[in-house]
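Work through the exercises below with the sequence and the structure open beside you, and try each task before you read its solution.

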Amino acid sequence: MAISARFYRTENDHLLRCEECDLLVDIPRLHGKQSADCPRCGHLLRSGSRWSLNRCAIIALSILILMPFAFTFPLLSIDLLGVPIHASVWSGAWNIAVGGDVYTGFMVLLCAIIMPLCFAALVLFLWLAKRFDHRPRNLLLMLGYIKPWVMLDVYLVSLGVAAFKVREYADLHIDIYFSAFVFTALLTTLLFIKINPLALWNEFYPRFHYPRDESAVTGTIRQCHCCEFAFEEHRGVKDTQGRLYCPRCESLLDINDKIKLQRTWAALIAGMIMLIPANVLPISFIYLNGVASGDTLISGVWSFLQQGSYFVAFVVFTASIFVPFSKVFALIYLLVSVHTQNARHIHFKMKLLHFVHFVGRWSMLDLFVLSLMMSLVARGQIINFSVGPAAFYFGAAVFLTMIAAEQFDSRILWKLYDRQQA
């Protein structure tokens, strides 16, 4: 059940600014499965259907117990010329690194092992901090930073794609520890949905109160993007240069819009440059009796089509080609709209930005498939597999476009819209 702005007040109401369109909204107290949406842009402001820290800590502990089995033990195995070969999450990243592509191996390791491990550990550390009455400001900030980089759900899809790709060379078997990885991915996704960082901020820092009555506010209400705390501007903390900081998480608020746009353009242009060699150079090599055959991104999709695996070809094409280029074109469109002072179709542009945030991480599917292939098709056999030079450029393009999307501030477009409407 979603509710919007309130036209009557209770003692539990409070004011805040929508972090997407900067509208000042009156938020009522929520019960059960209720949620509060911004009446202008529809952005989710508050949700009452979140779990307590104790329940989230139990899920995080379960994830940490399953992780050694999910990451280090075999998930898939094949019989290649009578020799059993196993693939695990760890061996995939390790084989890419020892194969000469250290940076690509680190990208896979970061998104498939390090970030999921840090995410579950952070939730557990927050529970311990609550038990010992500690104020974990840095842990709460890190929780918001690392969430976009946890990609176990993407890795789960890549297991299916790798299975279709390997079956033409040998018989594939699913190991018992595959279930441990599935449960780890599902529990991590559940923890993503049910944990509420804003509720944790309010729980650990109850002395910070939100403004409750707009008529009693004596100054401008500001809101921190890091901890979503709304406060009157004169209650903020200023340094010697006059820059305003959030009184709760101590994050810098006064970042010039031009600087935000420059950061977005810098990351986006770098990502566009990386996409050129990522699509031109081979991303993988298959060695049959010593003869190398290179595959680019588009030729890999074409090979799936020739095998009749149309659904797998569609998934790979979407993640490897459509998503990266659509992100680039969407961000260019949004940035050009800002520079040309064009705020028309504002709701369509917000949906476009949401699309970019949602699909950005799924481009890592191709690198995860490569890591599994590096484990399953071992070196030293008649059939060998190697990662091509395009893998690093493709991973760098994914990272840079994700950073560009995070740096773009939608409030800049809404400011233009407000001025044109006025």
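## Exercise 1: A charged pair between two helices

At 33% relative accessibility, E203 counts as partly exposed, and this value belongs to a model that is predicted.

Task: Find which residue forms a salt bridge with E203, and state how far apart the closest N and O atoms are.

Solution: Begin with the general idea that side chains of opposite charge can pair when their charged atoms come close. The partner of E203 is K130, and the closest N and O atoms are 3.7 Å apart, which satisfies the cut-off because a salt bridge requires the nitrogen to be within 4 Å of a carboxyl oxygen. Next, place the two residues: E203 lies in helix α7 and K130 in helix α3 (residues 102-131), so the pair ties together parts that are 73 residues apart in sequence. K130 is partly exposed, with a relative accessible area of 36%. Finally, look at the ring of F204, since K130 lies over its face at 5.7 Å from the ring centre.

## Exercise 2: A salt bridge across the sequence

Task: Decide whether R361 is buried or partly exposed, and explain which parts of the chain its salt bridge with D153 ties together.

Solution: First, note that the side chains of D153 and R361 meet in a salt bridge, with an N to O distance of 2.8 Å. D153 belongs to helix α5 (residues 152-166) and R361 to the loop between α11 and α12 (365-376), so this pair ties together parts that are 208 residues apart in sequence. R361 has a relative accessible area of 14% and is therefore buried, because buried means under 20%. D153, at 23%, counts as partly exposed.

## Exercise 3: Two aromatic rings

Task: Work out how the rings of Y210 and F229 are arranged, and where in the chain the two residues lie.

Solution: The structure holds 17 aromatic pairs. One of them is formed by Y210 and F229, whose ring centres are 5.3 Å apart and whose planes meet at 65°. The arrangement is edge-to-face, because planes over 60 degrees apart count as such. Y210 lies in the loop between α7 (197-204) and β9 (221-223), while F229 lies in the loop between β9 and β10 (230-232), so the pair ties together parts that are 19 residues apart in sequence. Both residues, Y210 and F229, are buried. As a last step, place them in a wider group: ring pairs link W201, Y205, F208, Y210, F229 and F231 into a cluster.

Key
Residues are numbered from 1 along each chain as its sequence is written. This is a predicted model: local features need pLDDT of at least 70, side-chain atom pairs count only at pLDDT 80 or more; totals for chains, interfaces and linings use all residues. Side-chain values use heavy atoms; hydrogens and water are left out. Rings of Phe, Tyr and Trp (its six-membered ring) pair if their centres lie within 6.5 Å; planes under 30 degrees apart count as stacked, over 60 as edge-to-face and the rest as tilted. Helices (H or I, at least four residues) and strands (E, at least two) are DSSP runs, numbered from the N terminus. Buried means under 20% relative accessible area, exposed over 50%, partly exposed in between (1.4 Å probe, protein chains only). A charge sits over a ring if NZ of Lys or CZ of Arg is within 6 Å of the ring centre and within 35 degrees of the ring normal.
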